[in-house]
Amino acid sequence: MQFTISRDAIIKPLQLAAGVVERRHTLPVLANVLLTLKDDILEITGTDLEVELIGRVPVNGGSKPGEITVPGRKLMDICKSLSDDAVLDFSLDDGKFVVKAGRSRFTLATLPASDFPVTVDEPGTYEIGISGEELKHLIDSCAFAMAQQDVRYYLNGMLFELGSSWFRVVATDGHRLAMHTTGISTGVEEVQQIIVPRKGVLELSRLLSEPSEDELVLVFGAGHIRAKLKDFTFTSKLVDGKFPDYQRVLPKGGNKTVIGERTLLRHAFSRASILSNEKYRGVNLQLGQNELKVVANNPEQEEAEDMVAVEYEGDTLEIGFNVGYLIDVLNVLDSDKVKFTLSDSNSSALLEAVSASDALYVVMPMRL
């Protein structure tokens, strides 16, 4: 195995593949990335047995094909430490992986490629085409609502749901729910659901951070989801479980509608949160004619009060929320104005953009 490539070309696929590699691993080979060279195309694969990422990049001519695994983070650190315009020469010499650049030379230990666990292609049960930008927007608008280490393991991830003419992502941690739908022809006859684990969701979002014109193909299998781009293939295992019926959580029949400026509300909530109880982060919202009073206090007898002008005509209402949950929603809504739909002080609030939007957010109230 031998090839030459510029530092500039190898750094991105290497960073993404090495980013999947866990620092604490059960198998020595999991600290490595798999390098596969065939037809002057280098594939770099990183995995932690839950998520797998393959980056592809062409190498300079005159290469010799082969495959080997090398320590991922060390190789990445070597490449990052070299000058931007460096040209790297890689070769396999007597079981050692040699990296040369200018007057620098590095020799890395290797493990055989046969030891590396690669996700086997399972028959894709269905697939859809979607732009990477749109998928990232869907994920980022809901990711904050995923649970983080809940015993209800099926909440530690995101629901991907397909209907015949729509694709929806849903996340909830039991206290709030985020849901975003986009119209897309999928070709499925019955509604299909899979749960992508938290790490898979975050890695996929990270992969899609770079703008790309390429169409992305999402392949939904029985045990894996795979996202295919020209230069990358991302695979994640699925959570084996049933996602709760989120339709039952959506509040029905809310008769109080509040419309406010998103930025003004976010600033008022942020200011009030400074003096909220650090553990529970509760704020009291007091609704009156065309105004909202935000009140927070803490065990030290400190108090914050903020008044915000809103569009509201109806009975007065007092309701408590975790202010962090409200701020999270206002951070991702892409609209100047936001609409709250409420019923009473014991019912969940429904938040959405006033402009036509396919994203809905539910926040449960809290007793203060």
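These are my notebook entries on what I looked up in this structure, which is a predicted model.

**Entry 1: the whole chain**

I began with the overall make-up of the protein chain, and I counted 6 helices and 24 strands in it. The C-alpha atoms fill a box of roughly 80 × 50 × 35 Å when this is taken along the principal axes. I then looked up burial and found that, of the 368 residues in the protein chain, 50% are buried. For contacts with a separation of 6 or more, I noted that 65% come from residues 24 or more positions apart.

The chain is divided into domain 1 (2-115), domain 2 (126-248) and domain 3 (256-366). I also looked up how far apart domain 1 and domain 3 lie, and their centres, taken over C-alpha atoms, are separated by 50 Å.

**Entry 2: the nonpolar cores**

Next I turned to the largest nonpolar core, which has 72 residues, and the members that touch the most others in it are Met-158, Phe-160, Phe-167, Leu-218, Phe-220 and Phe-269. Helix α6 (residues 323-332) gives the most to this core, and I noted 6 residues from it. A second core, separate from this one, holds 30 residues, among them Phe-3, Ile-10, Ile-44 and Leu-82.

I followed Phe-269 a little further, leaving aside residues up to four places away in sequence, and found that it touches Leu-285, Leu-292, Val-294, Val-323, Leu-326, Ile-327, Leu-330 and Phe-340.

**Entry 3: the sheet of 8 strands**

I traced an open sheet of 8 strands, with antiparallel pairing, in the order β13-β10-β11-β12-β24-β23-β22-β17. At its edges stand β13 (192-197) and β17 (256-261), each of which has a single partner strand, so one side of each is left without a neighbour in the sheet. From one strand to the next, the twist averages 20°.

I also checked which helices lie against these strands. Helix α6 packs on the sheet and touches β12 (176-183), β22, β23 and β24, while its direction makes about 170° with that of β24. Helix α5 (residues 262-273) lies across β17 and β22, and it runs at about 90° to β17.

**Entry 4: strand β23 and its partners**

Is strand β23 (residues 349-353) enclosed or open? I found that 5 of its 5 residues are buried, so the strand is largely enclosed by the rest of the structure. I recalled that side chains alternate between the two faces of the sheet in a regular strand. In β23 both faces are covered, with Ala-349, Leu-351 and Ala-353 buried on one side and Leu-350 and Glu-352 buried on the other.

I then took the partners of β23 in turn. Strand β22 (residues 337-342) runs antiparallel to β23 and is joined to it by 4 bridges, and a hairpin of 6 residues connects the two. In this pair, Val-338 stands opposite Ala-353 of β23. Strand β24 (residues 359-363) also runs antiparallel to β23, through 3 bridges, and these two strands form a hairpin with 5 residues between them. Here I noted Ala-349 opposite Val-363 of β24.

**Entry 5: helix α6**

I went back to α6 to see how far the helix is covered, and 7 of its 10 residues turned out to be buried. The buried residues are Val-323, Gly-324, Tyr-325, Leu-326, Ile-327, Val-329 and Leu-330. Among these, Val-323, Leu-326, Ile-327 and Leu-330 are touched by Phe-269. At the start of α6, I found a side-chain oxygen of Asn-322 that reaches to within 2.8 Å of the backbone nitrogen of Gly-324.

**Entry 6: Arg-7**

My last entry concerns Arg-7, whose place is in helix α1 (residues 7-20). Is this charged-looking name buried or exposed? Arg-7 has a relative accessible area of 10%, and because buried means under 20%, I entered Arg-7 as buried.

I then looked up what its side chain reaches. The side chain of Arg-7 comes to 2.8 Å from the backbone oxygen of Cys-79, and one of its polar atoms lies 3.3 Å from the backbone oxygen of Lys-80. Leaving aside residues up to four places away in sequence, Arg-7 touches Cys-79, Lys-80, Leu-82, Ser-83, Asp-84, Ala-86 and Leu-88. One of these, Leu-82, is included in the second core of 30 residues.

Terms used
Residues numbered from 1 in each chain as written. Predicted model: local features only at pLDDT ≥ 70, side-chain atom pairs only at ≥ 80, totals over all residues. Heavy atoms only, no water. Core = buried A, V, L, I, M, F, W, Y, C linked by side-chain atoms within 4.5 Å. Buried < 20%, exposed > 50% of the residue type's maximum accessible area, 1.4 Å probe, protein only. Contact = heavy atoms within 4.5 Å. Domains from an automatic or database assignment. Pairing = 2+ DSSP bridges. Axes fitted to C-alpha atoms, helices over the stretch in contact; angles between N-to-C directions. Polar contact = N/O pair within 3.5 Å; in protein donor to acceptor, adjacent residues only side chain to side chain.
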